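Reader: Could you walk me through this structure? I would like to take it one question at a time.

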Amino acid sequence: VSFSDITISTTGTSISSAIMLTDRADYFTVQDCDIIAPITSVSSVMPFTTSSSVNHTMNSGDNANHFTINRSNIIGGYYGVVAMNLNNSNGRGIRIADSKFTDQNFSGIYLFYQDSILIEGNEISMSSSGSSSGNGIYIYRTNNFELLSNKLNVEGTGMYVQYANFF
């Protein structure tokens, strides 16, 4: 499945995302798109997420593999892009490249139990009214990842990595 040259937005203020991948929504591409959510301090509102439940934007599970976000604008939300999987079922093959992340409250990119990731050439500028403890890029229990030529402008931590290549 591919989307190109479109704007996708959510105006929801609780448990909402412009794009949600769930139940092994594999091989998904977003290119040259605007993906928008309200600027918020509500952690369940975001432009893009993988989740095992449509009733919650951050449930771990075997949610999505091999998705690409390329040359897109990710605007608003508590998080910009969230990818969550289970510890025995890592998400694989995520590529986030040449995109601009603006006005997220807590984290531009948030990865949880992933494998074989490329994050390259992105610009992340967090919301000036956002959390001072936020992260431009947050990576937890993720294997085999590359972070190349990204620009991070955040008040909190630019990049937070915990348990990299751990399992």
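Reader: Where in the chain is Asn 90 found, between which two strands?
Author: Happy to start there, and please keep in mind that this is a predicted model. Asn 90 does not belong to a strand itself; its place is a loop. That loop links strand E9 (79–84) and strand E10 (91–92).

Reader: Is Asn 90 buried or exposed?
Author: The cut-off to apply is a relative accessible area under 20% for buried residues. Asn 90 has a relative accessible area of 15%. Because that value is below the cut-off, Asn 90 counts as buried.

Reader: How far apart in space are Asn 90 and Ser 116, C-alpha to C-alpha?
Author: In sequence, 26 residues separate Asn 90 from Ser 116. In space, the C-alpha to C-alpha distance between Asn 90 and Ser 116 is 9.4 Å.

Reader: Which residues does Asp 115 contact, leaving aside its neighbours within four places in sequence?
Author: Asp 115 is found in strand E14 (residues 114–120). Its contacts include Asn 90, the loop residue we began with, and Gly 91, Arg 92 and Gly 93. The list is completed by Thr 142, Asn 143 and Asn 144.

Reader: Why does Asp 115 count as buried?
Author: A residue is called buried when its relative accessible area is under 20%. Asp 115 falls below that cut-off, and therefore counts as buried, with a relative accessible area of 10%.

Reader: Which side chains have a polar contact with the side chain of Asp 115, and at what distances?
Author: One polar contact joins the side chains of Asp 115 and Ser 116, at 3.3 Å. Another joins the side chain of Asp 115 to that of Asn 144, at 2.8 Å. The partners you asked for are thus Ser 116 at 3.3 Å and Asn 144 at 2.8 Å.

Reader: Which strands does E14 run parallel to, and over how many bridges?
Author: Strand E10 is joined to E14 by 2 bridges in parallel, with Gly 91 standing opposite Gln 114. Strand E11 (residues 95–97) is joined to E14 by 3 bridges, also in parallel, and here Arg 95 stands opposite Leu 118. Strand E17 (residues 143–148) runs parallel to E14 as well, and Ile 117 has Phe 145 as its bridge partner there. The bridge counts are 2 for E10, 3 for E11 and 5 for E17.

Reader: How many of the residues of E14 are buried?
Author: We have already met one buried member of this strand, Asp 115. E14 has 7 residues and is mostly covered. The number of buried residues in E14 is 5.

Reader: Which strands stand at the edges of the open sheet with the order E3-E6-E9-E13-E16-E19?
Author: This sheet has 6 strands with parallel pairing. Its neighbouring strands are turned by 10 degrees against each other on average, direction ignored. At one end of the order, E16 (residues 135–140) pairs with E19 over 5 bridges, and Ile 139 has Val 161 as its bridge partner. The strands that pair on one side only are E3 (16–21) and E19 (157–162).

Reader: What is the order of the open sheet in which E2 and E18 stand at the edges?
Author: Strand E2 (7–9) and strand E18 (151–153) each have a single partner strand, so one side of each is left without a neighbour in the sheet. Within the sheet, E8 (residues 73–75) and E12 (residues 100–102) pair in parallel over 3 bridges, with Asn 73 opposite Lys 100. The order of these 6 strands is E2-E5-E8-E12-E15-E18.

Reader: Which element gives the largest share of the largest nonpolar core?
Author: That core has 27 residues, and Ile 19, Phe 48, Phe 67 and Ile 109 have the most contacts inside it. Elements that give two or more residues to the core include E4 (28–31), E7 (67–70) and E14. The largest share is 3 residues, and the element that supplies it is E3.

Reader: How many helices and how many strands are there in the protein?
Author: The protein has 167 residues, of which 50% count as buried. Among its contacts with a separation of 6 or more, 69% link residues 24 or more positions apart. The count is 0 helices and 19 strands.

Conventions: Residues are numbered from 1 along each chain as its sequence is written. This is a predicted model: local features need pLDDT of at least 70, side-chain atom pairs count only at pLDDT 80 or more; totals for chains, interfaces and linings use all residues. Side-chain values use heavy atoms; hydrogens and water are left out. Helices (H or I, at least four residues) and strands (E, at least two) are DSSP runs, numbered from the N terminus. Buried means under 20% relative accessible area, exposed over 50%, partly exposed in between (1.4 Å probe, protein chains only). Contact means heavy atoms within 4.5 Å. Two strands pair if DSSP finds at least two bridges between them. Axes are lines fitted to C-alpha atoms, for helices over the stretch in contact, and angles run from 0 to 180 degrees between N-to-C directions. A polar contact is a pair of N or O atoms within 3.5 Å; within protein, one must be able to donate a hydrogen and the other to accept it, and residues adjacent in sequence count only if both atoms are side-chain atoms. A nonpolar core is a set of buried Ala, Val, Leu, Ile, Met, Phe, Trp, Tyr and Cys residues joined through side-chain atoms within 4.5 Å.
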